[in-house]
Amino acid sequence: MESSVEHEWKKGSAELLILSLVEDQPRHGYDIGKLIERRSEGKLHFHVASLYPLLYRLENRGWIQGRWVEKPNQRRRRYYRLTGQGQKVLAQQRRSWRQFVDAVGRVTGVEHV
Amino acid sequence: MSKWTAAIRKRLEGLKIPPEREAEIIDELASHLQDRYEELTAEGATAEEAYRRSIEEVNYTDLLEELPATVRMGPGPTIPAGAAKSGSFFADLIIDLRYAARMLRKTPGFTAVAALTLALGIGANTAVFTIIDTLLLNPLPVEKISELVALNSTQAKKTEQSGDLQGISYLNFKDVRDRSHAFSSLAADTNPLAITMVATAEPHRVFMEVVTGNYFETLGIHPCLGRFFLPSEDTTPGTAPVVVLGYAAWQGRFGGDPNILGRTIKLNNTPFTIIGVGPKGFKGLYAVFGPDLWVPSMMAEQVLPAGQGKALSDRSIAVFNGVGRLAPGVTLPHAQAEAAIVATSLEKEYPDSNQGKAIMLRPLREAAYGPERQPLRFGGGLLMAIVGFVLLIACSNVANLLLARASARRQEIAVRLALGAGRGRLIRQLLTESVLLGLLGGILGFLMGYGGSRLLWSLRPAEFALNLAELRMNGSVFVFALVAAILTGLIFGIVPALRSSRTSVSEVLKEETRSAGASRSRVSLANTLLAAQVAVSLVLLVVAALFLRSIQREYTIDPGFETKRLALFMLYPGQAGYDRTRTEEFYKQARERIATVPGISSLTWASNMPLWERKDTGVVIEGQEQRRKSEEVSAVVNTVDLDYFSTLGIRFVEGRDFTLEDGDISTPVAIINDTMAATYWPKQDPIGKRLQLPNGKKFLQIVGVVKTTNYQTLGEPPQSCLYIPLRQNYSDSMVLYVRTERDPSTIFPAVQGEIRNLDSALPVEDMRTGTKIIEQALWGAKIGVGLLGVFGLLALGLAAVGLYGIMAYSVNQRRREIGVRMALGAGQGSVSLLVLRQGMTVVLSGMAIGVLLALLLGRVLARFLYGVSGGDLVSLGTAALVLLGVAFVACYLPARSASRVDPLVALRQS
C-alpha cells in the first residue's frame with residue numbers, strides 16, 4: 001500500500017490536471033484521458049479505474065459539473081465543465097503547485113524552466 | 001452500445017450503489033469503451049481484437065473498490081474543500097497508525113525524549129495509583145465489600161477524650177447477633193494480637209486473630225487449601241483446637257508446604273491442628289496490618305493474654321469487633337437504627353458493663369483503616385494531585401516539542417493540505433500520532449510504575465513484611481495507565497494538531513523555512529505553557545521542602561524519654577504456658593541475670609512499648625464519680641517495674657517512685673503524669689488523691705507525678721497517663737527496657753543468651769533500639785517526604801528540559817535576526833542578555849504565580865506540618881532559589897549559543 005502522502009500527491013496533481021483541462025471548454029472523460037496522455041507525451045497515463053472515480057469526486061465537491069450532451073452526428077456523451085467554485089480551487093491549486101515546485105527546486109537544486 | 005453495457009454490468013456485479021447512478025456510470029463507461037474501440041479499429045485493429053482490448057484495458061477490481069466511495073460522499077459543497085479520501089474508519093485508522101509509526105521512527109531522538117518524558121509522568125501516576133488502589137480503593141479482597149459493615153461500641157455521649165471506637169464484648173456481640181434482623185450474617189474478630197507459635201523447635205512471635213466460626217463465610221471468601229471453621233467448632237469453649245493459616249504465613253513460615261493440613265503447632269503452649277489456608281492476599285479486615293493465623297473464638301481463653309481469658313463469659317472484656325453483611329434490601333441507617341434499639345435494651349439489662357455504651361456501624365471500607373484512614377486519604381490525595389501535576393508538566397513539555405516539530409513539518413502539512421487533505425482528516429492523523437506517542441509512553445510508564453511501586457513497597461519495615469498489606473497490580477491499574485496514556489496523547493496533541501492544521505497553504509509555501517514572524521504565536525503559546533510549568537514545579541518543590549522541614553523538626557522532637565541508649569525486648573512469658581507465679585519469678589530472675597551483662601546501666605519492665613501505648617477509657621476519679629454518667633476519663637495505662645522512670649530518664653515533678661514496699665499486700669498505688677494532674681486536680685496537690693482503673697475494684701493512691709512524654713505519636717498533644725506497679729498488677733507479657741552505656745544494639749546477643757538460658761521456649765525475636773522506635777514512628781512520614789522530594793525534582797527536571805528545549809528552539813528560529821543584530825554591531829554580551837531576558841521573563845512570571853499558589857496551598861497544608869508554618873520562608877526561598885538556578889542554566893546555554901552566532905553564516909543562510 002502506498003503511503004498517504006504519495007497517494008495524496010498523485011491524487012492532488014491529478015485533480016489539478018483535470019481541472020486545468022476542463023477550464024476553457026467542457027470535455028468528456030475519454031477526451032480528458034487522451035489529452036493528458038498526449039500533452040504529457042505519454043509520460044502521464046490515466047486508467048479508467050482511477051479517472052472516472054476522480055471525475056465523480058470532483059463533481060461531488062462541486063468543482064466540476066457533468067451533463068449528458070448529444071451533439072449532431074455524434075453519440076450521447078457526458079461532458080464536464082468547470083464550476084465557479086472549481087475555478088477558485090484551480091487558481092489556488094495552480095498557485096500552490098507553482099510554489100511547491102519552486103520550493104522543491106530550491107531544496108533540491110533542480111531548476112525548472 | 002448495448003454490448004458494452006452488458007459486459008461492464010457483468011464485470012461490476014456487486015457494486016453497491018443506487019441503481020440509477022449505476023446505470024449512468026455504466027453508460028458513461030460504455031461510451032468510453034466505444035471511443036476506445038473506434039480508435040483501435042481506426043488504427044487498423046480487427047473488430048474482435050479491438051473489442052477484446054477495449055474491455056480488458058479496464059481494471060474492474062479497482063473500479064469496484066473506488067466507485068462506491070465516490071457515490072457515498074454525496075453531492076454538494078457541504079464537503080470542505082480538499083476533503084480527504086475517505087475509506088472506512090478502520091482502514092483510515094490503519095493508514096494513520098502506519099504513517100504515525102513511520103513518522104516517529106523517522107525522528108528517533110524526538111520520539112525517545114517525548115516517550116521518556118511521558119513515561120516518567122505516567123509511571124509516577126501508575127506507581128501512586130497502584131498504592132492508592134491497594135490501600136484505599138480496594139483495601140480488602142472480600143466479596144461485595146459495599147454490603148459489609150463494621151460494628152463497634154462507642155460512648156453514647158461523645159466527649160473530646162472518649163469518642164474513640166471501642167471493641168464489643170463477646171456476650172454483647174452474641175446478643176446483637178440474636179436480636180437484630182438487619183444482617184444476613186454477623187461475625188466478630190479481634191485485632192491482630194501477638195502470640196507465641198512453636199511449629200518446630202524454635203518459638204516464634206506471630207500475630208493471630210480470634211474470630212467467630214462464621215467469619216470467613218460472612219466475608220464470602222474461600223480457603224486456598226483445606227477448610228475454614230465449622231459451626232460445630234463454634235459452640236463449646238475449649239473444644240476446637242484448630243487454626244487457619246494466612247496465605248503469606250503459609251508461604252513465608254511454612255515454605256508453602258502442600259501437606260500442611262493436619263499438622264500440629266503450639267500456640268501459647270496449646271496444641272492446635274492446621275485445617276486450612278486462607279486465600280492469597282487476604283490479611284484480615286484491618287487493611288494496614290494483618291494476622292498470620294486465625295483461631296476460632298471458642299479457643300479465646302487459651303490464646304488471649306492474661307486478663308482477657310474470660311472474654312467469652314465476661315461482658316466487660318470488649319476485645320472483639322463485629323463485621324456483618326447487611327441482609328438484602330437493608331440500608332446502613334436502617335441497621336444502625338436497629339442496633340441503637342438493641343444497645344438501649346442491653347444497657348438496661350446489663351448496666352454494670354453497658355452503661356453509656358452505644359453501638360456504631362460504619363461501612364467496612366471506612367473501618368478498614370481505623371485511625372490511619374484520615375492521614376492515608378490525605379497522603380494519597382496529595383500524592384495523586386502531585387503526580388497529576390507532574391504528568392501535566394510532561395504533557396506540556398511534549399506539547400511544546402510537538403509545536404516545535406510542527407513548525408518543522410509546516411511544509412509537509414501545507415503540501416498535504418494543498419494536495420487535498422481535509423483539515424479534520426489532518427487533525428485526526430496528527431492526533432493518531434500523538435496518541436501513539438502517548439501509548440508508547442504509557443507502556444514504558446506502566447513498566448516504570450510497576451518497578452517504582454515494587455521498589456517503594458520494598459521499603460516497608462522488613463520485620464512485618466508478612467503482615468502488611470500486599471501490593472496488587474490488578475486490571476484497574478492497567479486500565480488506569482491505558483486511560484492516562486490515551487488522555488495524555490489527546491491533551492498534548494490537540495493544541496499542536498489544531499494549530500498545524502490551520503496552516504495556510506499559500507503562506508507557508510511562499511514562506512521561507514527560516515522566517516520567524518509566523519512562529520511568534522506558537523512561541524507565545526509555548527511561553528504560557530512554560531510559565532505554567534515553572535509555577536507548578538515551584539509549588540511542588542515548596543510542598544516537598546515544607547514536609548522535609550517538618551520531618552526534620554519531628555526528628556528533633558523530644559519524646560520525653562531516653563532513646564539513644566535504650567534497647568527493648570518484647571517477651572511473652574504467659575504464652576509459653578507460664579502461670580502467674582512462674583511468670584513473676586521469670587521477671588525477677590531475668591532482671592537479676594541481665595543486670596550482670598557488661599555495658600548495661602539499668603533495666604526495667606513495662607507493659608507498653610514506647611509510642612505504641614494503649615489507652616484505656618473508664619478511669620474513675622474519687623470525688624468525681626459523677627463523670628461516669630456523662631463522660632469517661634481516658635488515660636494511657638502502663639504497668640511498670642522498679643526503676644522505670646530512671647531507666648527512661650523521665651523526671652519526677654513531685655512525690656516518689658515505686659519501691660519494693662509496693663507489693664501485693666500494701667496499699668495499691670499509682671503514679672500519674674503532670675497532664676493528668678493538671679486536668680483532674682487543677683490547683684490541687686494530687687499526691688494522696690485516689691483513682692480507680694477501668695473495671696477496677698480497688699482505689700489506687702497517687703504517690704508521684706512525672707513529666708508528660710509522647711505516648712502514641714511523636715509531637716502529639718499532651719495526654720493523660722497513669723503508671724501502676726508490676727508488683728501489684730500482674731501482666732503476662734512485658735517489654736524489657738535496657739538502658740546501656742554504649743550503642744544499644746551491641747548488647748542484643750548477650751541479653752538474648754541470658755533469656756534463652758532462663759527458658760529456651762521463650763521467643764526473643766522482637767528487639768529494637770530506642771532510635772529504631774523513633775524511626776518506625778516516622779516511617780510513613782519519611783516515605784511520604786521521599787516521594788514528595790522525588791516528584792518535586794522530577795517536575796523540576798522536566799520543566800528545565802522543557803525550558804531548555806524552547807529556548808534553544810527560539811534561538812534557532814531567531815538566528816537570522818541575531819545575525820543582523822550582530823552585523824549591525826551588537827556585542828556577544830548584549831545578544832546573550834537578549835535571549836536570557838526573554839527566557840527569564842517567562843521563568844519569573846511563572847515563579848510569581850507559583851509563589852502565590854504555594855502560599856495558598858501552604859495554608860491548607862499547615863495543619864499537617866509540624867513546627868513549620870505553611871508560609872515558611874525558608875522552604876519558599878530554597879525552592880525558589882533552586883528553581884531559579886536550574887532555570888538560569890537552562891536559559892543560559894541557549895543564550896551562550898546565540899552569542900556565538902556568526903553573522904556571516906547566519907545571513908548567508910537566508
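A residue counts as buried here if 20 or more other C-beta atoms lie within 10 Å of its own, with C-beta atoms placed from the backbone. By that count, 34% of the 113 residues of chain A are buried. Before I go on: this is a predicted model.

Staying with chain A for a moment. Chain A has four helices and three strands, and from the N terminus on they come in the order α-β-α-α-β-β-α. If you take the contacts in chain A with a separation of 6 or more, 43% of them are between residues 24 or more positions apart.

Now chain B, starting with two helix pairs. The first is helix α6, residues 108-137, with helix α26, residues 779-813, both of chain B. Their axes are 11 Å apart, and the packing angle is about 160°. Angles over 145 degrees count as roughly antiparallel, so that is the label for α6(B) and α26(B). The crossing of these two, α6(B) and α26(B), is left-handed. On the α6(B) side, the contact is made by Thr117(B), Leu120(B) and Ala124(B); on the α26(B) side, by Phe791(B), Leu794(B) and Leu798(B). Sorted by class, the contact of α6(B) with α26(B) has five nonpolar residues, one polar and no charged ones.

Some of those names come back in the core. Which residues touch the most other members of the largest nonpolar core? They are Val390(B) and Ala795(B), in a core of 186 residues. Leaving out neighbours within four places in sequence, Val390(B) has contacts with Gly121(B), Ala124(B), Phe791(B), Leu794(B) and Ala795(B). Ala124(B), Phe791(B) and Leu794(B) also belong to the helix contact I just described. Apart from this core lies another, of 53 residues, and its members include Val640(B), Met676(B), Leu691(B) and Leu736(B).

The second pair is helix α28, residues 828-861, with helix α29, residues 873-899, again in chain B. The axes come within 8 Å and cross at roughly 155°. That makes α28(B) and α29(B) roughly antiparallel, and their crossing is right-handed. The residues of α28(B) in this contact include Val831(B), Leu836(B), Gly839(B), Val843(B) and Ala854(B), and those of α29(B) include Leu876(B), Ala880(B), Leu883(B), Tyr892(B) and Arg896(B). By class, the contact of α28(B) with α29(B) divides into 17 nonpolar, four polar and one charged.

Next, the backbone. Most residues other than glycine have a negative phi. Two residues in chain B are worth listing against that background. Asn268(B), not a glycine, has a positive phi of about 45°. Asn268(B) sits in the loop between β7 (264-267) and β8 (270-277) of chain B. Lys683(B), also not a glycine, has a positive phi of about 60°, and its place is the loop between α23 (674-680) and β18 (690-692) of chain B.

Are these two buried or exposed? Asn268(B) has 22 C-beta neighbours inside 10 Å, so Asn268(B) counts as buried. Lys683(B) has 5 inside 10 Å, so Lys683(B) counts as exposed.

Last item, a glycine. Gly307(B) is in the loop between α10 (300-303) and β10 (320-326) of chain B. With 14 C-beta neighbours inside 10 Å, Gly307(B) counts as partly exposed. How many residues separate Gly307(B) and Tyr730(B) in sequence? The separation is 423 residues, while C-alpha to C-alpha they are 8.9 Å apart in space.

Note on methods:
Residues numbered from 1 in each chain as written. Chains lettered and ligands numbered in written order. Predicted model: local features only at pLDDT ≥ 70, side-chain atom pairs only at ≥ 80, totals over all residues. Axes fitted to C-alpha atoms, helices over the stretch in contact; angles between N-to-C directions. Parallel < 35°, antiparallel > 145°, perpendicular 65-115°, else oblique. Left-handed = near helix turned anticlockwise from the far one by under 90°. Contact = placed C-beta atoms within 7 Å. Nonpolar A, V, L, I, M, F, W, Y, C, P; charged D, E, K, R; others polar. Core = buried A, V, L, I, M, F, W, Y, C linked by C-beta atoms within 7 Å. Buried ≥ 20, exposed ≤ 12 C-beta atoms within 10 Å, placed from the backbone.
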